[in-house]
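Biologist: Please take a close look at a single part of this model, one where charged side chains pair up. I would like to follow the reasoning step by step, and then hear how that part fits into the rest of the chain.

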Amino acid sequence: TITADLQDIMNLQTKLFNSQFHQTNIKIITEKVRRETWKDTSFNASTQIILNEIIQTSTDDIWKDIIDLANLKQLTNRTTNNINNNNKTVDDDKRTTLVIDDISIIVPDCTIPFLKIVKDYVMFKIAFSNSDEQNLLEILRIFNLEINKSVLGATAKITAGLKHITAKNIAIASQLIDFVIHLLPYLEKIYIRLNKNIEINS
């Protein structure tokens, strides 16, 4: 039986981990968008798989059986060490779009770390049911803000070395925002479903 003191310690450690994890992800996603050159790119099939897994989680706990405290340590390791290797995968199947809601959307490089981070937040929610959606909402807000600053605010000319913000750059950024808009309903369903599970089990 877990004593009250031990439970308090576990809750404190979870909060500390969550805070550090979140601050790391804010820095990563901000840096990735600021360095974005806003051109179409090619993706490994694994990126589409991550997207499909996130969508599937809106109806099924596909990761629940593989999540434990040992695996959670890999969240920060993957976020801090592996995101820079996001083009390295055992699957060489390349594509230039991501498919969501039966729509193929051209998106830039920063979509890859964004999806990996979103997946990690969902896994964290599954592992620690008492966590809320506020951190993920902040990631989404910052992602949108940095996209607008980079292209509409033309900061990409400074942070990514672009000489001009072209119509193509704006089109790619617009498609990325459209992609996120398509993703949002699935994220909402995930948190609604997982929060309902908490109510049922409490």
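## Charged pairs and their surroundings

Modeller: Arg-34 has a relative accessible area of 36%, so it counts as partly exposed. That value comes from a predicted model, as do the others below. The class follows from two cut-offs: under 20% is buried, over 50% is exposed, and what lies in between is partly exposed.

The partner of Arg-34 is Glu-146, and their side chains meet in a salt bridge with 3.0 Å between N and O. This pair links distant parts of the chain, since Arg-34 belongs to helix H1 and Glu-146 to helix H5, 112 residues further along. In general, side chains of opposite charge can pair when their charged atoms come close. Is Glu-146 buried or exposed? Its relative accessibility is 6%, which makes Glu-146 buried.

Glu-146 has a second partner, Lys-149, with the N to O distance of that salt bridge at 3.5 Å. Both residues are in helix H5, and because they are 3 residues apart, about one helical turn separates them. An α-helix has 3.6 residues a turn, so residues three or four places apart point the same way. Lys-149 has a relative accessible area of 33% and is therefore partly exposed. Through shared partners, the salt bridges join Arg-34, Glu-146 and Lys-149 into one network.

Now consider helix H5 itself, which runs over residues 134-151. Its 18 residues, at 1.5 Å each, should span 26 Å, and the C-alpha atoms at its ends are indeed 26 Å apart, so the two values agree. Which residues of H5 are buried? They are Asn-135, Leu-136, Ile-139, Leu-140, Ile-142, Phe-143, Glu-146, Ile-147, Ser-150 and Val-151. Around the axis they cover an arc of only 165°, and therefore lie on the same side of H5. Glu-146, the residue with two partners, is one of those buried residues.

Helix H1, which carries Arg-34, covers residues 4-34 and has 31 residues. From its first C-alpha to its last it reaches 45 Å, close to the 45 Å expected at 1.5 Å a residue. Its buried residues include Thr-14, Asn-18, Phe-21, His-22, Asn-25 and Val-33. Ile-9 also has its place in H1, but at 49% relative accessibility Ile-9 counts as partly exposed. Together with Leu-6 and Met-10, Ile-9 makes a nonpolar surface patch of about 260 Å².

The network is not the whole story, for the structure holds 6 salt bridges. Another one joins Lys-168 to Asp-40, with the closest N and O atoms 3.4 Å apart. Lys-168 is in helix H7 and Asp-40 in the loop between H1 and strand S1, so this pair ties together parts 128 residues apart in sequence. Asp-40 has a relative accessible area of 38%, which makes it partly exposed.

Helix H7 (residues 167-201) also contains Gln-175, which is partly exposed because its relative accessibility is 28%. Leaving out residues up to four places away in sequence, Gln-175 touches Ile-105, Ile-106 and Val-107. Gln-175 and Ile-105 are 70 residues apart in sequence, yet their C-alpha atoms are 6.6 Å apart in space.

Strand S4 covers 103-105, and the loop between strand S3 and S4 holds Asp-101. The phi of Asp-101 is near 55°, a positive value in a residue other than glycine. Asp-102, in the loop between S3 and S4 as well, has a positive phi of about 60°, although it is not a glycine either. Asp-101 is partly exposed because its relative accessible area is 35%, whereas Asp-102, at 78%, counts as exposed.

Finally, the whole chain. It has 7 helices and 4 strands, which run α-β-α-α-β-β-β-α-α-α-α from the N terminus on. Of its 202 residues, 41% are buried. Among contacts between residues at least 6 apart in sequence, 86% join residues at least 24 apart. The salt bridge of Arg-34 and Glu-146, with its 112 residues of separation, is a link between distant parts too. The accessible surface of the chain comes to about 11200 Å², and carbon and sulfur atoms account for 53% of it.

Note on methods: Residues numbered from 1 in each chain as written. Predicted model: local features only at pLDDT ≥ 70, side-chain atom pairs only at ≥ 80, totals over all residues. Heavy atoms only, no water. Helix = DSSP H or I, 4+ residues; strand = E, 2+ residues; numbered from the N terminus. Expected span 1.5 Å × (residues − 1). Buried < 20%, exposed > 50% of the residue type's maximum accessible area, 1.4 Å probe, protein only. Arc of directions from axis to C-beta. Contact = heavy atoms within 4.5 Å. Areas by Shrake-Rupley, 256 points an atom, 1.4 Å probe, with all protein chains shown as cover. Patch = residues over 30% accessible without salt bridge, like charges linked within 9 Å, V, L, I, M, F, W, Y side chains within 5 Å. Salt bridge = Lys/Arg side-chain N within 4 Å of Asp/Glu carboxyl O.
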